[in-house]
Amino acid sequence: MVRGYLPVINTLAKGIDIRLSHRVTNIVRRYTGVKVTVEDGTTFAADAVIVAVPLGVLKAKNIKFEPRLPEWKEAAIDELGVGIENKIILHFDKVFWPNVEFLGVVADTSYHCSYFLNLHKATGHSVLVYMPAGQLARDIEKMSDEAAVEFAFMQLKKILPEACAPIQYLVSRWGTDVNTLGSYSYDAVGMSHDLYERLRVPVDNIFFAGEAASMSYPGSIHGAFSTGQMAAEDCRMRVLERYGELNLLQPVMGEEAGLCVPLLITRL
């Protein structure tokens, strides 16, 4: 994504009423509709709602559902794993590394293994992205940005001892960011893969979307996108049924049927 995801977001958001800084705290569902309350107490009423917040937010129960979600839905939220992989983006004044896609950090333990993505190969900019995951990523989140960058730079010097210091940097903190509380879902050991589908299935007039609701493409942008399309269509059908424009609610389509998964989303 040479220009980042912003062009994609701007294209999809065109003509839509989007309210920023409206963190949802409560969703009340009734047969006649839903009421969604945000942090400042403002309430929005609608026929239905699509919940597409990250899995980490659902697991933390930062949104209260009234009445409670069914046990099977809460179990799907609880039993899916949510992992952490952060990015420490290092911008250098010149390129001093080989023209490869990534540089691997090999260590005696999995804790210290990680890698650098080479953005110069894709963008022409002298940028490397350090990608720590798991417990290592959690521990790095406890550091200041400066300390995290220094740690990443020391890992780079193990591979390239002559590396020069970065001139700019950015540090993500997906694990502690209140709007994410994790990076993306994964199959927890011993748990069924159909948990993704159980997370996607609607509860009355509450519909669910996001990468953690995708059976075929969990942990990916196109997984999130396709489940959003499915939820929007399911929601539309329910509203049409309620107002008498359809006699029967049409069956929900699976991800592999009738949906165009945007594999070429980078062309937008």
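## Two sheets, worked through

In this structure, Asn-26 has Lys-64 of strand S5 as its bridge partner. The model is a predicted one, and the exercises below start from that pair.

**Exercise 1. Work out how S1 is joined to S5 and to S2, and in which sense each pair runs.**

Solution.
- Step 1: Start with S5. Strands S1 and S5 run parallel, and 3 bridges join them. Asn-26 with Lys-64 in S5 is a bridge pair you can look up right away.
- Step 2: Now turn to S2. Strand S1 covers residues 24–30 and strand S2 covers residues 33–38; they pair in the antiparallel sense over 6 bridges.
- Step 3: Pick out some partners. Arg-30 is bridged to Gly-33 in S2, and Ile-27 is bridged to Val-36 in S2.
- Step 4: Follow the chain from S1 to S2. You pass through a hairpin of 2 residues.

**Exercise 2. Place these strands in their sheet: what is the order, and which strands stand at the edges?**

Solution.
- Step 1: Read off the order. It goes S3-S2-S1-S5, in an open sheet of 4 strands with mixed pairing.
- Step 2: Look at the ends of that order. Strand S3 (43–46) and strand S5 (64–66) each have a single partner strand, so one side of each has no neighbour in the sheet.
- Step 3: Check the twist. Ignoring direction, neighbouring strands of this sheet are turned by 15° against each other on average.

**Exercise 3. Do the same for the sheet that holds S8 and S9: how many strands does it have, and where do its edges lie?**

Solution.
- Step 1: Count and order. This open sheet has 5 strands in the order S8-S9-S10-S7-S11, and the pairing is antiparallel.
- Step 2: Find the edges. They are strand S8 (102–105) and strand S11 (168–171); each has a single partner strand, so one side of each is left free of a neighbour in the sheet.
- Step 3: Add the twist, which averages 15° from one strand to the next.
- Step 4: Zoom in on one pair. S8 and strand S9 (residues 114–118) are antiparallel and share 4 bridges. Val-105 has Ser-114 in S9 as its bridge partner.
- Step 5: See what lies across the strands. Helix H6 (residues 145–159) lies across S7 (88–91), S8, S9, S10 (127–130) and S11, and runs at about 110° to S11.

**Exercise 4. Is Asn-99 buried or exposed, and which residues does it contact beyond its neighbours within four places in sequence?**

Solution.
- Step 1: Locate Asn-99. You'll find it in the loop between S7 and S8.
- Step 2: Take its relative accessible area, 55%. The cut-off for exposed is over 50%, so Asn-99 counts as exposed.
- Step 3: List the contacts. With neighbours within four places in sequence set aside, Asn-99 touches Asn-118 and Lys-121.
- Step 4: Try a distance. From C-alpha to C-alpha, Asn-99 and Thr-43 are 53 Å apart in space, and they are 56 residues apart in sequence.

**Exercise 5. Step back to the whole chain: what are the domains, and how far apart are their centres?**

Solution.
- Step 1: Split the chain. Domain 1 takes in 5–82 + 187–243, while domain 2 is 85–172.
- Step 2: Compare centres. Over C-alpha atoms, the centres of domain 1 and domain 2 are separated by 33 Å.
- Step 3: Bring in the record. An unreviewed UniProt entry annotates residues 3–235 as "domain: Amine oxidase".
- Step 4: Describe that span. Residues 3–235 are 30% helix and 23% strand, with their end C-alpha atoms 32 Å apart.

Definitions and conventions:
Residues are numbered from 1 along each chain as its sequence is written. This is a predicted model: local features need pLDDT of at least 70, side-chain atom pairs count only at pLDDT 80 or more; totals for chains, interfaces and linings use all residues. Side-chain values use heavy atoms; hydrogens and water are left out. Two strands pair if DSSP finds at least two bridges between them. Axes are lines fitted to C-alpha atoms, for helices over the stretch in contact, and angles run from 0 to 180 degrees between N-to-C directions. Contact means heavy atoms within 4.5 Å. Buried means under 20% relative accessible area, exposed over 50%, partly exposed in between (1.4 Å probe, protein chains only). Domain bounds come from an automatic or database domain assignment. UniProt positions are given in the numbering used here, feature names are shortened, and annotations may be inferred rather than shown by experiment.
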